[in-house]
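Here are a few short exercises to work through with the model open beside you. Try each task before you read the solution below it.

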Amino acid sequence: FFFDVHPPLGKMLIAGMGYTTGYNGTHPFEKPGDPYDDHSYMGMRVGCTLLGCAIVPFSFLTVWQFTHSLTASCLAAAFLIFDIGVIVLNRYILLDPILLFFISGSVFAMASFRSVKEPFTTAWWSWLTLTGAMLAGAISVKFVGLFVVLYVGIFTIGQLWFILGDVSKPFLYTLKHFIARAICLIAVPIVLYISFFYIHLTILSKSGSGDGFYSSLFQSTLEGNRLYNASM
């Protein structure tokens, strides 16, 4: 077990990439620039790079959904392809490419949901649920992902205000829209966020350097801790 300032999803994904490509977990990652020697690290670098590269098609499709302009969509994608910051971030084993993947995915899913004309259809529910899942991913990698939650929240409030202003529809119709968004954009992200922490705490069941930040009751659940299985 270790203590970290960020939620666990990003590092769990990196750990999963390493586990599936033969990394044995012994490199300390103490400071940037340390040589990897014979450690298998390429799986983690490639995984982060692929997730980071996904922001290019996400951006293209998002701009297309908003403008239906091929020129604008290509420009948006090109700006990211040739952006030095994006290129550098995507080369390394970092949380930032994963965060950018979920943030851009959230905006794309929201734009696609916006383009569905018929409410409460399969496509409508699918895009709304995917938006909530991407939001959960963003805030589960870094708390700065809350900014995209704010963006989607403002967009959702605007939609509901527009629906409420349609006097040709009964109030029950507006209520159904509100409940649907509350389920997919509030309940689903909360459930996923808690689930990621549950998986994190289940996997990391052994004592580590972060034990001291937590209560004695929590430390008693970690194998190898001096309080393991002690009665509280």
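**Exercise 1. Two loop residues**

Task: In this predicted model, decide whether H68 is buried or exposed, then look up its phi and its place in the chain.

Solution:
- Start with accessibility. H68 has a relative accessible area of 52%, and the cut-off for exposed is over 50%, so H68 counts as exposed.
- Next, find its place: H68 sits in the loop that links helix 3 (55–67) and helix 4 (70–81).
- Now check the backbone. Phi of H68 is positive, about 55°, although H68 is not a glycine.
- That deserves a second look, because most residues other than glycine have a negative phi.
- Repeat the steps for F120. This residue is in the loop between helix 6 and helix 7, and its phi, near 65°, is positive in a residue other than glycine.
- With a relative accessible area of 26%, F120 is partly exposed.

**Exercise 2. How helix 6 meets helix 7**

Task: Work out which way helix 6 runs relative to helix 7, and what kinds of residues make their contact.

Solution:
- Take the geometry to begin with. The axes of helix 6 (residues 96–115) and helix 7 (residues 122–141) come within 8 Å and cross at roughly 160°.
- Angles over 145 degrees count as roughly antiparallel, so helix 6 is roughly antiparallel to helix 7.
- The crossing of helix 6 past helix 7 is left-handed.
- Then list the contact: helix 6 contributes residues including I98, F101, F102, G105 and F113, while those from helix 7 include W124, W127, L128, M134 and V141.
- Finally, sort the residues of this contact by type: 17 are nonpolar, 5 are polar and none is charged.

**Exercise 3. The largest nonpolar core**

Task: Find which helix gives the most residues to the largest nonpolar core, and follow one of the core's best-connected members.

Solution:
- The largest nonpolar core holds 34 residues, and those with the most contacts inside it are I14, I98, F101, F102, L128 and V141.
- At least two core residues come from each of helix 1 (9–20), helix 2 (42–53), helix 6, helix 7, helix 8 (146–164) and helix 9 (171–203).
- Helix 6 gives the most, with 8 residues.
- Now follow F101. Leaving out residues up to four places away in sequence, F101 touches L51, A54, I55, F58 and M134.

**Exercise 4. The surface of helix 1**

Task: Is T20 buried or exposed?

Solution:
- T20 belongs to helix 1.
- Its relative accessibility is 64%, so T20 counts as exposed.
- The C-alpha atoms of T20 and G43 are 7.8 Å apart, although 23 residues separate the two along the chain.

Notes. Residues are numbered from 1 along each chain as its sequence is written. This is a predicted model: local features need pLDDT of at least 70, side-chain atom pairs count only at pLDDT 80 or more; totals for chains, interfaces and linings use all residues. Side-chain values use heavy atoms; hydrogens and water are left out. Axes are lines fitted to C-alpha atoms, for helices over the stretch in contact, and angles run from 0 to 180 degrees between N-to-C directions. Helices (H or I, at least four residues) and strands (E, at least two) are DSSP runs, numbered from the N terminus. Angles under 35 degrees count as roughly parallel, over 145 as roughly antiparallel, 65 to 115 as roughly perpendicular and the rest as oblique. A crossing is left-handed if the near helix is turned anticlockwise from the far one by less than a right angle, and right-handed if clockwise. Contact means heavy atoms within 4.5 Å. Ala, Val, Leu, Ile, Met, Phe, Trp, Tyr, Cys and Pro count as nonpolar, Asp, Glu, Lys and Arg as charged, and the others, Gly among them, as polar. A nonpolar core is a set of buried Ala, Val, Leu, Ile, Met, Phe, Trp, Tyr and Cys residues joined through side-chain atoms within 4.5 Å. Buried means under 20% relative accessible area, exposed over 50%, partly exposed in between (1.4 Å probe, protein chains only).
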